[in-house]
Amino acid sequence: MPWMTRWAGSFPLFIAEAAGGRFVDVDDNHYVDFCLGDTGSMVGHSTPAVTEALVSQSRIGLTSMLPSGDALVVAENLSRRFGVSKWQFALSATDANRFVLRFSRFMTNRPKIVVNDWCYHGTVDETLVILDEAGRTVSRPGAIGPQVDPSVTTRAVPFNDLTAMEEALRHGDVACVLMEPALTNIGIVLPKPGYLEGVRELTRRYGVLLVIDETHTICASPGGCTALWGLEPDFVVIGKTIGGGVPVAAYGMSADVASRLERMLDRDSIDVGGVGGTLSGSALAMAVMKATLTTSLLEEHFAHTIPLATRWANGVQDVISSKALPWSVQQLGCRAEYWFSDAPTDGAQAASRVDHELEEYFHLSALNRGILLTPFHNMALMCPSHVDRDVDLHSAAFAEAVEKIS
Ligand SMILES: Cc1ncc(COP(=O)(O)O)c(C=O)c1O
């Protein structure tokens, strides 16, 4: 991937093997892994259930264009977690988001979508946008080769700003709002009290579908923020970790959306509707999702990982406080992150306070002490195999790194 050129230290480590919350590089250096494949391995590397599912399913057929019995178990499990009743499958969260946007425009017959300024929902054209200084929706820095001017497809609005949300929706041309319930890709930006309820109320008032992307925010609970905060989305998107490291994703829809879609879709041309993929929902995908969802991401795991994230955040906060640094640390479930400013309340604020040099210094310093953080921000994710000792290693490394530059 192009982004591998950006790992701290000018080159990526080459991995030899990983298990649980740790990995070993090809030079036999051992690391605590707080990156966990940027959520792809949030359940821990190579859980026994996923390994077993991979082996067993490979003996009885990997893909066939037919549903397997596992599909029911997976869909019912996801419904219990997120409260929406019908599920379809994709190979990545990017694809799942693309399909949901297509369904939304189709159902509402409206051309535009709304996203949060500085959001990230994968490599989805319509979402690679930010607001410029004049408040116009433009391509985000670094987005290459947009098909069309993104202001044609998208309106961006700052997170935590209901006035801007209403302004974006009131034109009557918006099919859906696609959002993370807390931003996790430009630091962690938590919703202010009433913001998410306000978004739901506005989307209902203007006939706009609400898509909640839980791909990262599954860190908050077994049913992500949707379950934890009682959200009522029309679509839920979830990718990355539900395959235990195997590329899979799912998107769920409410019973009402599903029945509207069933009435509207034309059976004769459904295979070329622009949704789906040959290997999506394969027997392999279903087997690994069943293995993951039935043995991982359970209440008991969060009961272990959330306190670990709190311990990690406290370790960082202690250093920040003791040095009276104007920095902050945020936590969402089993994910925590520090930022070189007070806690941002929207994406643009967070982006304006990025300090690449300082960030690289902390990442490299952590790596040299046997700790991998999530690249491009200062994020740590806990998995069930992590223990207090792993977190304390980070607290000590962070203290040492701060001491060296203060
Ligand atoms: C919230 C969110 N949605 C979607 C994606 C896209 O996931 P993938 O790259 O696996 O398609 C990401 C990736 O970081 C993400 O953070």
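**A lined pocket, an open sheet and salt bridges**

The second largest pocket is lined by 35 residues, with Gln-88, Tyr-251, Ile-270, Val-275 and Gly-276 nearest its centre. The model is predicted: local features need pLDDT of at least 70, side-chain atom pairs count only at pLDDT 80 or more, and totals for chains, interfaces and linings use all residues. Residues are numbered from 1 along each chain as its sequence is written, and side-chain values use heavy atoms, without hydrogens and water.

A pocket is an open set of points on a 1 Å grid over the protein atoms alone, where a 1.4 Å probe fits, with protein on both sides within 12 Å along at least five of seven lines; lining residues have an atom within 4 Å of a point. By class, this lining has 18 nonpolar residues (Ala, Val, Leu, Ile, Met, Phe, Trp, Tyr, Cys and Pro), six charged (Asp, Glu, Lys and Arg) and 11 polar (the others, Gly among them).

An open sheet of four strands (DSSP E runs of at least two residues, numbered from the N terminus) runs in the order 1-2-3-15. Its pairing, which takes at least two DSSP bridges between two strands, is mixed. Strand 1 (15–19) and strand 15 (371–372) stand at the edges, each with a single partner strand, so one side of each lacks a neighbour in the sheet.

The structure holds 20 salt bridges (a side-chain nitrogen of Lys or Arg within 4 Å of a carboxyl oxygen of Asp or Glu). Glu-167 bridges to Arg-170, with the closest N and O atoms 2.8 Å apart. Arg-311 and Asp-388 meet at 3.5 Å, N to O. These two residues lie 77 residues apart in the chain.
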